[in-house]
Amino acid sequence: MVVDVKDVYDDAIRSGRYTHGNGMIGKYDNVRVLWEDEITRFAVKPCIQRLLREKDKVRVLDMGCGYGDGYELLKGIRENESTNYEYLIPEGGIECKGFDINESFITEARGRYKEHTNMSFEVASFSNGFPFKDDDPYDIYFTSYGAMSHNGNEESVRLLADVAEHSNGKSVVICDWLGRYSYEWQSLWQDREDLNPGEEDWVDYRISYFGDTDVESFPMRMMSKEEVEAVVKRANEISSRRIRIGGFIDRSILVGRHMETGDYNRYCVPIRRMVNSLFERNVVTDLEQLLIDYHKKEGADFNRLNRFFEEFCMRWNSVISYTHELLSPDSRVASPCSEAEEKIEEIVDSEAWVETSNPRANLIEPQLGYLLRELEVDLQEGVGAAHGFIAMLDVS
Ligand SMILES: C[S@@+](CC[C@H](N)C(=O)[O-])C[C@H]1O[C@@H](n2cnc3c(N)ncnc32)[C@H](O)[C@@H]1O
């Protein structure tokens with residue numbers, strides 16, 4: 001069955017959770033806002049700092065913009081997260097055009113940003129090359145939350161080559177795919193020898209996490225580091241400009257949305273829900289439900305990935321168990337074994353002098369959430385081993 005991608009998202013909109021929700025549920029849950037948006041900002045910040053050295057205003061094209069969230073994402077980057085609250089991009093410093101294949105999104109985005117003279121939205125597709133060749137060049141060609149995974153390799157090659165031609169030779173391109181090797185869909189990891197050379201495997205993807213939807217599944221392309229490198233190499237072969245890979249980021253190693261559904265891995269536990277709970281005010285979380293028992297994927301091809309996930313889960317479980325012990329009455333806690341454990345011990349100790357109601361839910365648990373997010377930043381390898389996989393590209 002050929003599924004129209006517009007039907008998929010219209011269906012999700014009808015479910016209500018794509019637009020509404022709260023910290024615990026829906027598109028803008030706590031993990032999206034406090035974890036995924038922040039890791040995306042961390043990934044793109046160096047590119048924007050570089051651009052801002054040469055100009056004080058950036059032109060952004062948000063491709064597959066949905067409701068236009070790319071604007072808030074970029075605007076929300078802080079100059080220095082720990083010492084001040086100034087935004088990196090000065091007030092009025094972004095001019096943003098968003099486009100999406102789905103008219104419903106564009107109508108909503110135009111409504112949301114009707115007061116913003118620096119923003120515009122259009123219905124267009126990125127699957128047949130670059131749709132705005134007559135526009136002035138953009139500084140940032142941006143995609144977010146897996147939008148690139150609607151393209152196959154050919155479409156991505158074409159789009160990147162066109163974007164490179166269209167740019168002014170100093171632009172950055174942020175490509176956001178679904179990662180090939182997320183634990184959520186471990187059953188879909190494939191042995192290399194099962195694939196013919198150059199063959200693309202599309203996945204029947206479900207957005208069942210937004211509740212009951214009529215559209216059962218639709219094709220999405222999941223990408224590894226090697227596959228992105230091959231796409232960039234081919235785009236370079238047909239473009240007169242040079243596209244260089246600045247870096248890769250894995251986003252949501254254990255907190256992707258399909259951890260909830262177990263649709264593609266029966267060993268998943270609903271960790272996203274529990275991390276949402278860590279960040280939620282006045283909600284006490286059962287920390288034991290954050291623990292994960294990693295099940296290996298058989299096959300020599302997966303040795304390295306298995307090792308990565310085992311180590312990651314071990315460090316993840318360790319800081320959670322340590323916090324659990326610290327919070328258990330009468331427990332005799334051993335000395336901390338890692339920086340994360342030292343930090344959580346300090347936070348638990350500080351409870352006595354920080355004035356807040358429900359210190360466990362409102363002080364300690366959110367900090368545990370941030371420490372887990374820090375683990376993801378520190379330990380990841382940027383290979384496509386998470387729900388989201390971002391490639392930062394520079395054009396020259
Ligand atoms: C996963 S959503 C991400 C939406 C948004 N960027 C965000 O951050 O929430 C992917 C978006 O890509 C859009 N899309 C899919 N295929 C497209 C195409 N060929 N051209 C333009 N947009 C497309 C979808 O309609 C959807 O809004």
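**Close-up 1. The shell around the ligand holds eight nonpolar, nine polar and two charged residues.** Here Ala, Val, Leu, Ile, Met, Phe, Trp, Tyr, Cys and Pro count as nonpolar, Asp, Glu, Lys and Arg as charged, and the others, Gly among them, as polar. This is a predicted model, so to speak with its own ground rules: local features need pLDDT of at least 70, side-chain atom pairs count only at pLDDT 80 or more, and totals for chains, interfaces and linings use all residues. Numbering starts from 1 along each chain as its sequence is written. Of the 19 residues around the ligand (C-beta atom, placed from the backbone, within 6 Å of it), Gly64, Gly66, Ser127, Ser144 and His150 come nearest. Helix H1 (5–15) and helix H3 (69–75) are the elements giving two or more residues to this shell; helices are DSSP runs of H or I, at least four residues, numbered from the N terminus.

**Close-up 2. Domain 1 (5–253 + 382–395) meets domain 2 (260–379).** The bounds come from an automatic or database domain assignment. Their centres, taken over C-alpha atoms, sit 28 Å apart. Domain 1 puts 24 residues into the contact and domain 2 puts in 23, with contact meaning C-beta atoms, placed from the backbone, within 7 Å. On the domain 1 side, that's 14 nonpolar, five polar and five charged.

**Close-up 3. Helix H9 (residues 303–327) crosses helix H11 (residues 359–379) at roughly 160 degrees, with axes coming within 10 Å.** Axes are lines fitted to C-alpha atoms over the stretch in contact, and angles run from 0 to 180 degrees between N-to-C directions. That makes H9 roughly antiparallel to H11 (over 145 degrees). Among the residues meeting here are Trp316 in H9 and Leu372 in H11. The contact has nine nonpolar, one polar and two charged residues.

Definitions and conventions
Two residues are in contact if their C-beta atoms, placed from the backbone, lie within 7 Å. Angles under 35 degrees count as roughly parallel, over 145 as roughly antiparallel, 65 to 115 as roughly perpendicular and the rest as oblique.
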